[in-house]
Amino acid sequence: MSRPAPAPVRASAPAHTPAPTDRREPGEVFGPAFTLFADVLLVSLLTSLCCLPVLTAPAAFAAASATLRETAAGGRSASARAYLVRLRARLVPRSLLLGLLVPAFVVAVRADLALAGGDLPGRALVGPALVVLALGAGVLLLRASAAPGPVTARTAWQRAAADPHGSLLLGAALVLAALIAWSMPLLLPLLPGPLAFAATAVDLRAAPQAES
């Protein structure tokens, strides 16, 4: 008498493996994406407050980029104490002198716009030229603030020229931030964090290319 053939064994359904962005540590309520959002939001508010004296703006953006860089490297959340420690380390006379260029540049741009309103020849080109100049200065400042160490104006220019694609991305980020500030002024205190994050991401992206 022949034995009945054994029933085929069904393969168990593979366990769902969460995507890298969905993985959480034991006891962690929010995922890494929300943690990054919270870090950028905290850095935005701290940078906006520290930029109020104007002279401290370069040091504030440099501290923001350093804080986000450390967060990306170590996986730890940003904190106000860590940000203030980095800000204090960057409040040197050279950084404060660089902060003087911000109001001087604004005054020069407003003066040029006032002159362009007259009957000077070539006044139609003044506006676009000032926009390009402001974007270039903003990209250089973001490049300098995102560098892991102190840089000079020449070094910032070299870093921007060596990575034109990243510089274009930062220029687009500045245009988007200007549009948001113009259309929704209440969001202005939240813009420094995304700009510092964009500068840090571009700098980290260009670092492996420079090493290879």
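# Exercises on a predicted helical chain

D203 and R159 form a salt bridge, with their closest N and O atoms 2.0 Å apart. This distance, like every value below, comes from a predicted model. The exercises start from that pair and work outward.

## Exercise 1. Place the D203–R159 pair

Task: Find where D203 and R159 lie, and how many residues apart they are.

Solution.
- Step 1. D203 lies in helix α8.
- Step 2. R159 lies in helix α6.
- Step 3. The two are 44 residues apart, and the pair links distant parts of the chain.
- Step 4. Look at accessibility. R159 has a relative accessibility of 26%, so R159 counts as partly exposed.
- Step 5. D203 has a relative accessible area of 6%, so D203 is buried.

## Exercise 2. Extend the pair to a network

Task: Which residues are linked with D203 in a network of salt bridges?

Solution.
- Step 1. Look for another partner of D203. R69 forms a salt bridge with D203, and here the closest N and O atoms are 2.5 Å apart.
- Step 2. Place R69. The residue sits in helix α2, and D203 in helix α8 is 134 residues away.
- Step 3. Join the two bridges. R69, R159 and D203 make up the network.

## Exercise 3. Find the remaining bridge

Task: The count comes to 3 salt bridges. Describe the one between D163 and R143.

Solution.
- Step 1. The side chains of D163 and R143 meet at 3.1 Å, N to O.
- Step 2. D163 belongs to the loop between α6 (153–162) and α7, while R143 belongs to helix α5, so the bridge ties together parts 20 residues apart in sequence.
- Step 3. Check D163. Its relative accessibility is 7%, so D163 counts as buried.
- Step 4. Check R143. Its relative accessible area is 3%, so R143 is buried too.

## Exercise 4. Read helix α5

Task: What is the reach of helix α5, and which of its residues are buried?

Solution.
- Step 1. Helix α5 covers residues 126–146, which is 21 residues.
- Step 2. From first C-alpha to last, α5 reaches 30 Å, close to the 30 Å expected at 1.5 Å a residue.
- Step 3. List the buried residues of α5: L130, G138, V139, L142, R143, S145 and A146.
- Step 4. Recall a general rule. An α-helix has 3.6 residues a turn, so residues three or four places apart point the same way.
- Step 5. See what touches this helix. L170 is in contact with V139, L142 and R143, and also with A198, A199 and V202.

## Exercise 5. Map the nonpolar core

Task: Which elements give two or more residues to the largest nonpolar core?

Solution.
- Step 1. This core has 26 residues.
- Step 2. Those touching the most other members are A60, Y83, L87, L142, L170 and L195.
- Step 3. The elements asked for are α1 (32–50), α2 (57–74), α3 (80–90), α5, α7 and α8.
- Step 4. α2 gives the most, with 7 residues.
- Step 5. Set this beside the whole chain. Of its 212 residues, 28% count as buried.

## Exercise 6. Test for disulfides

Task: How many disulfides does the structure hold, and what is the nearest cysteine sulfur to that of C50?

Solution.
- Step 1. The structure holds 0 disulfides.
- Step 2. The nearest cysteine sulfur to C50 is that of C51, 7.2 Å away.
- Step 3. A disulfide needs the two sulfur atoms within 2.5 Å, so C50 and C51 do not form one.
- Step 4. C50 has a relative accessible area of 15% and is buried. C51, at 18%, is buried as well.

## Exercise 7. Judge the confidence

Task: Where does pLDDT stay under 50?

Solution.
- Step 1. Begin with the chain. Mean pLDDT is 79, and 76% of residues reach 70 or more.
- Step 2. Compare the elements. Helix α7 (residues 164–183) has the highest mean, 92, and helix α8 (residues 192–211) the lowest, 79.
- Step 3. Residues 11–22 stay under 50, with 3 contacts beyond four places in sequence.
- Step 4. Residues 26–30 are below 50 too, with 4 contacts beyond near neighbours in sequence.
- Step 5. Apply the rule. Where pLDDT is low, the predicted coordinates should not be read in detail.

How values were computed:
Residues numbered from 1 in each chain as written. Predicted model: local features only at pLDDT ≥ 70, side-chain atom pairs only at ≥ 80, totals over all residues. Heavy atoms only, no water. pLDDT = per-residue confidence, 0-100. Helix = DSSP H or I, 4+ residues; strand = E, 2+ residues; numbered from the N terminus. Contact = heavy atoms within 4.5 Å. Expected span 1.5 Å × (residues − 1). Buried < 20%, exposed > 50% of the residue type's maximum accessible area, 1.4 Å probe, protein only. Core = buried A, V, L, I, M, F, W, Y, C linked by side-chain atoms within 4.5 Å. Salt bridge = Lys/Arg side-chain N within 4 Å of Asp/Glu carboxyl O.
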